[in-house]
Structure formats: structure tokens, C-alpha cells
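Biologist: I would like to learn how to read packing and pairing in a model of this kind. Could we begin with how two helices pass each other?

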Amino acid sequence: QRYSQDNAGEKMNPFAEQEAWEEHQMGKADMKYGSKNKKQISDDYQYVFEDQIDFVKASVMDGDEFDEEPNELLDKPKEKLASEMLQEERKTLPIYPYRDQLLQAVQEYQVIVIVGETGSGKTTQIPQYLHEAGYTKQGKVGCTQPRRVAAMSVAARVSQEMGVKLGHEAYCTSEKTILKYMTDGMLLREILSEPNLESYSVLMVDEAHERTLSTDILFGLLKASRNPSIYDLIKFRSDLKLLISSATLDAEKFSDYFGSAPIFKIPGRRYPVEIHYTKAPEADYIDAAIVTVLQVHVTQPSGDILVFLTGQEEIETMEEILKHRTRGLGTKIAELIICPIYANLPTELQAKIFEPTPAGARKVVLATNIAETSLTIDGIKYVIDPGFAKVKSYNPRTGMESLLVNPISKASAMQRAGRSGRTGPGKCFRLYTLYNYHKDMDDNTVPEIQRTNLANVVLILKSLGIDDLVNFDFIDPPPEEALLKALELLFALSALNKFGELTKVGRRMAEFPLDPMLSKMIVASDKYKCSDEIITVAAMLSVGNSIFYRPKDKQVHADNARMNFHLGNVGDHIALLRVYNSWRECNYSTQWCYENYIQVRSMKRARDIRDQLEGLLERVEIELTSNLGDLDSIKKAITSGFFPHSAKLQKNGSYWTVKHPQRVHIHPSSGLAQVLPRWVVYHELVLTTKEYMRQVTELKPDWLVEIAPHYYQMKDVEDLKPELQSSIIY
Ligand code: CDP
Ligand code: MG
């Protein structure tokens, strides 16, 4: 026993021990895991017990009254059709007994708030019930999800249940679509071309408790009551039904917002969950999670494990280490099937998490927040919760947006724990102490609208003709400073004129489902005749920084392969372009990706995005032209979107951003990290141990004045004197 429970209160806060995960974020942590790994593999089976983590059982989350789960399905004769099985399975869901009551309520009221535990059948069943009741005769039933993966996975499931082809009746834009699962962002963009949403008869805004930016904006558009307009959709389209569904109990707030809409509660089946806390803070939560997975695997009765991690990189790291360790243990332990799930995971790999676990084996699902409420995975009995999530935060003063790993809220922690008690009593292992739970976690997660850059939303609202943003009826208003900052940026990008009206450039930018700086870069590529290259760069940047693969045992090879794309110090944007073009030349070969240490999953996603962007070019009448011979033109197009992100080298090797001076550094993963050009333009800032610029390209300072004369004057690009500047920072 390493620590006792009593002194847990005196222990330091694990969240103060940021080093471990900061390093991890920068990719350094791999080395640390690597060395530990070796030792443990050779120590063999023993270590599972040696290195175990002590948990204290602190509480039990009550289950509801329930009958033993009926086990009918197991007895069904095998020759039954799969679709018949699915129809019967549908009837076992908690929502089924309330089907008629629910349909009755939809008929009676225009707006209903629906609350039910995750897994009760809200997302998959309600749209089908509505279809069965005839609502799809007058228009589509649309259902929004905060995440793409969730939308695709439920669409696939529902098509299966309905016995139809995915992409026809469910989820797609074809004529025949009757049920449409999409992200909330997609619906928001649809309103741009179809302001009354007349092709819909019912809208279900699902997972409303997540309070994503797009959900909040949709709410505002559906109910713009303070300044009635056609966007007061609920009044304007009295035939449109609106269902708001939520897994948690913030339903009152939604109900109040929509004029005391009735709340429909679906009683869930919930089994008790034992909650265990670590006795002492864990400095390295990935390592702790790995140890806990193995501990559960070796000591606990059958049942699958769900681990909550913060992102793709972390999931891939953990997947790799777990594979390595279980391989080392060989046949001494039962089979452990590792299933990753995160937003960028290609569809064909997502299905794996829903496949039943073979007898004798155990499944461990490594998931991001997506598994908190949006996805239901059957068979989970154990949840491992490190207590962190990646959240966006925004500093309106500097205009800096960063993605930070932060402690989750108590509400999230409860949701996570609940995932283990869906089909029987469960256990949740929290990799933090009870003290930390009370001391360091907020009650609820702050809605995204209050911690994000609003430039994108402002652009959408402006193109919908909503000018009075201050009086827009937000469910929770964004900080005024953030609104002003967004207007300022859009003005700088020439998307708005000085009266705050949308310009032609702004109108074209609004067509792209991207951040305004990326959209501006694309619109500007028309002038530099390099739209072909620029949409590739935009697609690659949109995938995030998961293009290059750097396995622990082959770091040198991987780095060499990566540097090949950087030859001539062309900068990270052009390197990304080269990666994509080389892959395309090899016929999008998977083998090529392996040979060059490129993540094929990410490339497929980039290709997907690029195809979409190519389609949109036509809509804004930009010709697809290539100008690969003229790298400066490509860089100028990039600068046209990203000129607010410029920085100049200082004597000590750090950089100062030109506007809103702030000290920043080139991220170690950049191809220019050793080159240190005098002037650079960067894609984004990430805050880890320092403020790092990620995706950096060299810049000629006179481009700034040439491209953005309203933003930069000659004096800005002449030598900056940091001594003088330092008095006006932040
Ligand atoms: O939306 P809610 O959390 O209330 O439940 P749901 O997503 O409609 O899921 C109901 C049931 O459908 C789950 O318990 C799963 O058994 C099943 N399901 C599935 O097998 N595969 C999916 N992709 C989604 C749901
Ligand atoms: Mg759902």
C-alpha cells in the first residue's frame, strides 16, 4: 500500500503537476514510457501486481429500481433474420414503453425537452418513431449531434435497424433522405442556404447538454424572440416540431429558454456503480491508466473497460504501449482487444468498438469525451477516468485560442462513471483523489460559447443578416470582448466593411466550413493562382497535427523521413503540401504512408476534407489552378489569411508576435525549429510549457504591408524593440 487515505488531503494537487502531460503533449513523453516499458516487459507478469495502484472505494452511485435484464435475445433461434433480431432489440430499450406517449406529446406541443440516460434509445429510436408515425411525409426528420463520429455511427446503426442503405433513407443529402443525422455545425450551415429549413418537419437537437457553440447558436436562431425575424423559426414555421434532448438534468434551463416547453422524462435503467479514487495523486495519468487497465484485466470478472483520454495522440500512445505490454505477457493473461475511438478515426475502423467481445476475451475502449454521452457502447462494466479533457479556451484580449488539457467538471465525472452501470452493476476507477474531486473540479462545464473565438459564428450570423449581435437571444451570452474581437478580426480579413457589413470576400468566406483565417486563405488563393495547393494545405491543417507518425523504437527513421519533406527549409505548410502531393502521386497508397512514417488515417481524412473544399470552390467561383512552381505565391496566399499571426525573431531565439506583442517559440516539431527565420507566419499557438507556434512558414516582412496595408504599417515591420514593447503586453 503506497499511501493511506488519511493523508490524501495533504497531498499536493496532481493537476499542479503539469510537467508530465505537457511533455506528453509535445511528444517527449514517449521516451519516458519507452524506458519504463522495457523494464516491465522483462519483469513479465509480476509487474501487474508490483506496480499496482491502490484505490479507495468512496461512494456508490445509486442504481434505479430495476428488474433483472431480460436475456431473451440469447435464446433466439439462430436462423432468425438479423433485421428481425434488431427489431426485437429495439423493443427492449428503455424508451420503448414510452413510444406512444412521446408521439402524443410531439403532436400536442411544438417544442419538447426530452431527458433520458445515455443508452435509453433517444438518438436511434425517436427519429424512427417519428418516421413510423408519418412525420417524414411532410419533410425530413433531422437530428443533430455535437460530433461527426457520433452522427455517422448512429446513422449507420439506424440504417441497419431500418434495413436500408446508409446514405439513402438515413443520413445523406439525396432526395430520398427521410432521416438525417448530422453535426450541429452542418445544420447551422444548412440554414445559410435554407433559412426556413422548409425541407424539415422535425428537428431534434440532440446532446443539448454539451452546449457546443453550434447548438447554442441554433437555439438562438430557432428562437430569436427579442428581435423577431424570419429566424424566429419556431413562430415563423408553426408546423416545425422541435425536440431538444439531453442526457443530464439541465433540462429546466432549456425549457425556460423555450417558453416553458414541457419536459419529457424517460426513466432509465441504471445499475449501481462503485466509485474508487486513488489514494494519492497520480503524476502521470497515462501510465496510471495503463496500470489500471491491466490490474482490472487480471483481477476483475469479465466485462469491458472504457478509458477516457484527451485526444487522438494520447489514445494512440496508450494503444501502442498496451499492445506492447500485453504482447510481453503472452498467454499468461486473457486476450485484451484494444479499440480506439476519436473524432478523426475513419468510419471503417469505428465499427470495431460495437462488435461484441468474443467469449474469454476482454475489450478495452480508449475513447475521447465522445463516449461520455454521445456514443453508447454495450458491455462496459469498468470505467477508468483520469479526470481530464482537452478543452478550447480563448483569451479575447490577445485573441489567442488554445486547446488545453484541463480537469473535467463534476457533471462530466458523473456521466463517465455512469457508463459502467448500463447493463449491470459497474465500477469506476478515478485516477484522482476524492479531495481533488471536491477541490479542483467545477460543478459544470462552461459552455463553449464562453470560451471560444467567435469569428466563425459572427461570420455565419452576419451572412444570415443578423446584425444586432449584442441583442441576439443567446441561452448564455458570450463575453462582449470576444464578440468585439471577432468583429475586429473579420474586419482585418476584409470580411466586414467599416460599417460592420458583410463584404463580397466575407460572403465567399462564409461558404467554407472553416475558421475565417483558413477561408480567407482559400479566397485569396484565387489571386495567386494556387487554389489547388491552398485547399490541400487547408485540408492538411484541418486534420490537426497527427500527420507524422513517430514510433518510439524508430524515432530516428521517422525524423529523417519527415525532414525529407522539409528539404530547402520550405516551412511546415509547404511540407504538408508535399506530403499530400507525394501520397497522391502514389495513388493514395497505404504502403507509401508506412514507408514514410505518415499516418494513413489522417491522410484519408485530409483527402475527404480536400474533396469537399474542391466542391465548394466551384460555388464561390474560384477556378482550381495550380502554381506549384511559385512557392512565394503559395506563401503569400497563406499570409493573406494568417497575417494577424506573424512574429519576428529576437536575439535569444524566441519570437515576438507583431500585433499584440507576446513572446512565443517555434514548436520543436516544426521543420523550422532549428532554422529560426527572421520573420514567420504561424497557423496556431499552443500553450504547453511555453507558448509555441505550430505550423510555421517563413515570411518576407514587406508582404505584410503589401497584403494587409490596413493592418500593418511600415513601422510595424521595421525592427521591433522588445524592451519598449514589453510595457504594453497583455
Ligand atoms: O441516445 P441514447 O443515448 O439515449 O441511446 P442510443 O444512442 O439511441 O442507443 C440505444 C442503443 O442502441 C444502445 O444501447 C446500443 O445498444 C444501440 N446502438 C448500437 O448498437 N450502435 C450504435 N452505433 C448506436 C446505438
Ligand atoms: Mg444519444
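Modeller: Start with handedness. A crossing counts as left-handed if the near helix is turned anticlockwise from the far one by less than a right angle, and as right-handed if it is turned clockwise. Here α7 passes α8 in a right-handed crossing. Keep in mind that this is a predicted model.

Biologist: What are the angle and the axis distance between helix α7 and helix α8?

Modeller: Two packed helices are described by the angle between their axes and the distance between the axes. For α7 (residues 122–132) and α8 (residues 148–162) the angle is about 50° and the axes are 10 Å apart. Angles of 65 to 115 degrees would be roughly perpendicular and angles under 35 degrees roughly parallel; α7 and α8 are therefore oblique to each other. On the α7 side the contact is made by Thr123, Thr124, Pro127 and Gln128, and on the α8 side by Val154, Arg157, Val158, Glu161 and Met162.

Biologist: Which residues of α13 meet which residues of α14?

Modeller: From α13 come Ile286, Ala289, Ile290, Val293 and Leu294; they meet Glu314, Thr317, Met318, Ile321, Leu322 and Arg325 of α14. The axes of α13 (residues 285–299) and α14 (residues 312–329) come within 11 Å and cross at roughly 45°. By the angle classes, α13 and α14 are therefore oblique to each other. Their crossing is right-handed.

Biologist: Now sheets. In which order do the strands of the open six-stranded sheet lie?

Modeller: A sheet is read strand by strand, from one edge to the other. The order is β4-β3-β5-β6-β2-β7, and the pairing is parallel. β4 (179–183) and β7 (263–266) are the edge strands; each has a single partner strand, so one side of each is left without a neighbour in the sheet. Neighbouring strands are turned by 20° against each other on average, with direction ignored. Helix α9 (residues 184–193) packs on this sheet and touches β3 (140–145), β4 and β5; its direction makes about 105° with that of β4.

Biologist: How many bridges pair β5 with β6?

Modeller: Four bridges, in the parallel sense, pair β5 (residues 200–205) with β6 (residues 241–246). As a single register point, Met204 has Leu243 in β6 as its bridge partner.

Biologist: Which strands form the closed barrel?

Modeller: In a closed barrel, the strand order is read around a ring. Five strands run β16-β17-β18-β20-β19, with mixed pairing. The average turn between neighbouring strands of this sheet is 50°, direction ignored. Helix α28 (residues 631–642) packs on the sheet, touching β19 (679–687) and β20, and its direction makes about 50° with that of β19. Within the barrel, β18 (residues 663–666) and β20 (residues 691–698) pair in the parallel sense over two bridges. His665 stands opposite Tyr692 in β20.

Biologist: Is strand β15 mostly covered or mostly open?

Modeller: To judge cover, look at both faces of a strand. β15 (residues 426–430) is mostly covered, with five of its five residues buried. Gly426, Cys428 and Arg430 point one way, Lys427 and Phe429 the other, and all are buried. β15 runs parallel to β8 (residues 273–278), joined to it by five bridges. It also pairs in the parallel sense with β12 (residues 380–385), over four bridges. Arg430 of β15 is the bridge partner of Tyr277, and Asp385 also stands opposite Arg430.

Biologist: Why does the span of helix α25 agree with its number of residues?

Modeller: The check multiplies a rise per residue by one less than the residue count. At 1.5 Å a residue, the 14 residues of α25 (residues 572–585) should span 20 Å, and the end C-alpha atoms are 20 Å apart, which agrees. Buried residues of α25 include Asp572, Ile574, Leu577, Tyr580 and Trp583. The buried residues of α25 pack against α23 (531–543), α26 (590–595), α27 (600–619), α28 and β20. After α25 comes Asn587, whose phi is positive, near 60°.

Biologist: And how does the whole chain come out?

Modeller: The secondary structure comes to 31 helices and 20 strands. Of the 730 residues, 46% are buried. Among contacts between residues at least 6 apart in sequence, 77% join residues at least 24 apart.

Notes
Residues numbered from 1 in each chain as written. Chains lettered and ligands numbered in written order. Predicted model: local features only at pLDDT ≥ 70, side-chain atom pairs only at ≥ 80, totals over all residues. Pairing = 2+ DSSP bridges. Axes fitted to C-alpha atoms, helices over the stretch in contact; angles between N-to-C directions. Contact = placed C-beta atoms within 7 Å. Buried ≥ 20, exposed ≤ 12 C-beta atoms within 10 Å, placed from the backbone. Parallel < 35°, antiparallel > 145°, perpendicular 65-115°, else oblique.
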